[in-house]
Amino acid sequence: MLGAPNQNYAKTMMLLGAGELGKEVVIEAQRLGIETVAVDRYEGAPAMQVAHRFDVIDMLNGEQLRTVIEKEKPDYIVPEIEAIATDTLQELENEGYNVIPTAYATQLTMDREGIRRLASEKLELPTAKYEFANSLDELKEAVAAIGTPCVIKPIMSSSGKGQSLCRTEAEIENSWQEALSSGRGNSTRVIVEEFIHFDSEITLLTVRSSTGTYYCPPIGHQQQGGDYIQSWQPHAMSEEHIRQAEEIAKKVTDEIGGYGVFGVELFITSEGVYFSEVSPRPHDTGMVTLVTQDLSEFALHVRAILGLPIEDVHLVTAGASHAVKSSVESDNYYITGVENALTVPHTQVRLFGKPDAKAGRRMAVILSRGENVETACRQAEKAALEISIESI
Ligand SMILES: Nc1ncnc2c1ncn2[C@@H]1O[C@H](COP(=O)(O)OP(=O)(O)OP(=O)(O)O)[C@@H](O)[C@H]1O
Ligand SMILES: [Mg+2]
């Protein structure tokens with residue numbers, strides 16, 4: 001019928017968090033005819049630039065979150081970050097809203113304690129030994145129990161913020177101050193983890209969908225100061241380690257439930273695979289799948305959310321991603337060197353278009369294909385070195 005509304009547009013997806021990962025989710029949702037709304041705490045966020053509509057709210061404020069959700073009445077509420085009023089998400093789910101993958105997942109992974117206790121105590125998965133502490137005195141006791149070196153992190157933080165390696169007793173106070181200064185919210189609670197001397201660390205992207213659970217080939221990555229700098233796919237692993245990794249991922253994601261992509265972070269050691277943490281959403285190290293897989297982690301997420309079938313996850317080529325971070329602070333920056341970066345073979349550049357540059361903030365990513373991951377990593381790194389964020 002002429003002039004009939006596009007039936008697919010009857011479905012609306014709201015992204016809570018509108019960063020570079022949300023931007024790719026929005027693009028994939030639009031490819032399947034979904035109306036998209038991007039929400040974040042600041043205007044001009046990457047996903048807002050491509051969504052049909054946007055809202056600016058404090059997502060940790062339950063009232064503001066409820067107001068915007070009741071205004072838009074989205075069919076799918078898709079969290080992109082952890083810092084959201086998860087109690088409100090739980091209430092909204094009880095009232096019939098569809099939170100991806102589940103409101104329980106967002107509560108469980110909002111801080112490090114819920115998911116760690118579940119993985120270790122309920123599912124009995126191998127993890128680093130851990131203790132929690134609420135004060136400097138408790139922290140000293142916890143470090144004594146775990147031993148040094150250990151890793152100390154605020155229970156609510158991401159991208160390595162507030163995290164430090166504590167090598168000796170003398171460093172405990174520094175670690176405490178570091179955690180206090182960078183944790184999210186008013187919490188002073190920290191986790192102390194045994195330092196795992198891993199051979200490598202991976203993200204196992206796991207997709208729960210209406211047609212079953214699928215695993216992307218393992219993504220290896222390198223972190224600097226607790227934040228990802230480079231990732232590659234496929235990461236070479238023994239059959240036995242792959243089996244252990246998939247078994248851990250299956251147990252954790254089945255427990256969390258719902259449909260969507262999960263980033264299961266694992267440490268690979270000579271004693272076997274350790275569970276570290278899980279994101280119930282696409283993972284930053286998974287941006288490499290934009291060039292390596294026929295369906296990227298973002299395309300898989302949207303398919304799974306919509307209840308559509310997934311035939312298989314297919315790796316097309318080896319590849320690598322390299323983060324480009326700002327070293328300047330500026331609300332009026334420009335980017336140089338893209339023309340040089342693009343002379344590197346089989347290489348693409350994604351600039352996120354963030355309105356402000358901040359020291360250490362990820363502003364762009366390089367994506368390279370290669371005959372093998374070593375070549376792809378070299379290319380991505382070479383291209384990344386060409387790019388610079390400059391303040392006007
Ligand atoms: N117990 C540990 N032993 C050894 N290394 C660790 C340990 N915990 C964390 N790390 C290192 O620090 C990195 C970041 O830790 P973690 O993933 O817990 O922090 P995060 O703030 O949640 O980071 P992100 O949000 O980027 O995933 C890990 O990827 C790993 O390289
Ligand atoms: Mg992590």
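A residue is called buried here if 20 or more other C-beta atoms lie within 10 Å of its own, exposed if 12 or fewer do, and partly exposed in between, with the C-beta atoms placed from the backbone. By that criterion Ala-364 is buried, because 22 other C-beta atoms lie within 10 Å.

Before going further, I should say that this is a predicted model, in which local features need pLDDT of at least 70 and side-chain atom pairs count only at pLDDT 80 or more, while totals for chains, interfaces and linings use all residues. Residues are numbered from 1 along each chain as its sequence is written, and chains are lettered from A and ligands numbered from 1 in the order in which they are written.

Let me stay with Ala-364 for a moment. Ala-364 lies in strand E18, residues 362-370, where helices (H or I, at least four residues) and strands (E, at least two) are DSSP runs numbered from the N terminus. Leaving aside residues up to four places away in sequence, Ala-364 touches Val-324, Val-349, Arg-350, Leu-351, Phe-352 and Ile-387, and touching means that the C-beta atoms, placed from the backbone, lie within 7 Å. The C-alpha atoms of Ala-364 and Met-110, which are 254 residues apart along the chain, are separated by 26 Å.

Now to the overall division. The protein is divided into domain 1 (7-99), domain 2 (129-194) and domain 3 (200-391), and these bounds come from an automatic or database domain assignment. Taken over C-alpha atoms, the centres of domain 1 and domain 3 are 22 Å apart. Their contact takes 14 residues from domain 1 and 14 residues from domain 3. On the side of domain 1 that touches domain 3, the elements giving two or more residues are helix H1 (20-31) and strand E4 (76-79), and H1 supplies the largest share, six residues. That side of domain 1 divides into eight nonpolar, two polar and four charged residues, where Ala, Val, Leu, Ile, Met, Phe, Trp, Tyr, Cys and Pro count as nonpolar, Asp, Glu, Lys and Arg as charged, and the others, Gly among them, as polar.

Where does ligand 1 lie with respect to domain 2 and domain 3? Both domains give residues to the shell around ligand 1, so ligand 1 lies between them. Of the 19 residues around the ligand, Ser-158, Glu-193, Ile-196, Gln-223 and Gly-226 come nearest, a residue being near if its C-beta atom, placed from the backbone, lies within 6 Å of the molecule. The elements that give two or more residues to this shell are strand E8 (190-194), strand E12 (227-233) and strand E14 (272-279). By class, the shell has five nonpolar, eight polar and six charged residues.

Strand E8 deserves a second look, since four of its five residues are buried. Strand E5 (residues 130-133) pairs with E8 in the antiparallel sense over four bridges, with Ala-133 standing opposite Val-190; strands count as paired if DSSP finds at least two bridges between them. Strand E6 (residues 150-154) is also antiparallel to E8, and five bridges join the two, one of them placing Lys-153 opposite Ile-191.

Turning to the interior, the largest nonpolar core has 108 residues, and Leu-15, Ala-38, Val-78, Val-192 and Leu-266 touch the most other members. Such a core is a set of buried Ala, Val, Leu, Ile, Met, Phe, Trp, Tyr and Cys residues joined through C-beta atoms within 7 Å. Helix H10 (residues 297-305) is largely enclosed by the rest of the structure, because nine of its nine residues are buried. The buried residues of H10 pack against H1, E4, E9, strand E13 (260-269) and helix H9 (289-292). Of these, E9 (residues 200-209) is joined to strand E10 (residues 212-215) by four antiparallel bridges, and the hairpin they form has two residues between the strands.

I will finish with some backbone geometry. The peptide bond from Ile-100 to Pro-101 is cis, with omega near -10°, and the one from Gln-233 to Pro-234 is cis as well, with omega near 0°. Pro-234 sits in the loop between E12 and helix H8 (239-256). Lys-73, although not a glycine, has a positive phi of about 45°; this residue is exposed, with 9 other C-beta atoms within 10 Å. His-346 has a positive phi too, near 55°, and is partly exposed, with 17 other C-beta atoms within 10 Å.

Conventions:
Contact = placed C-beta atoms within 7 Å.
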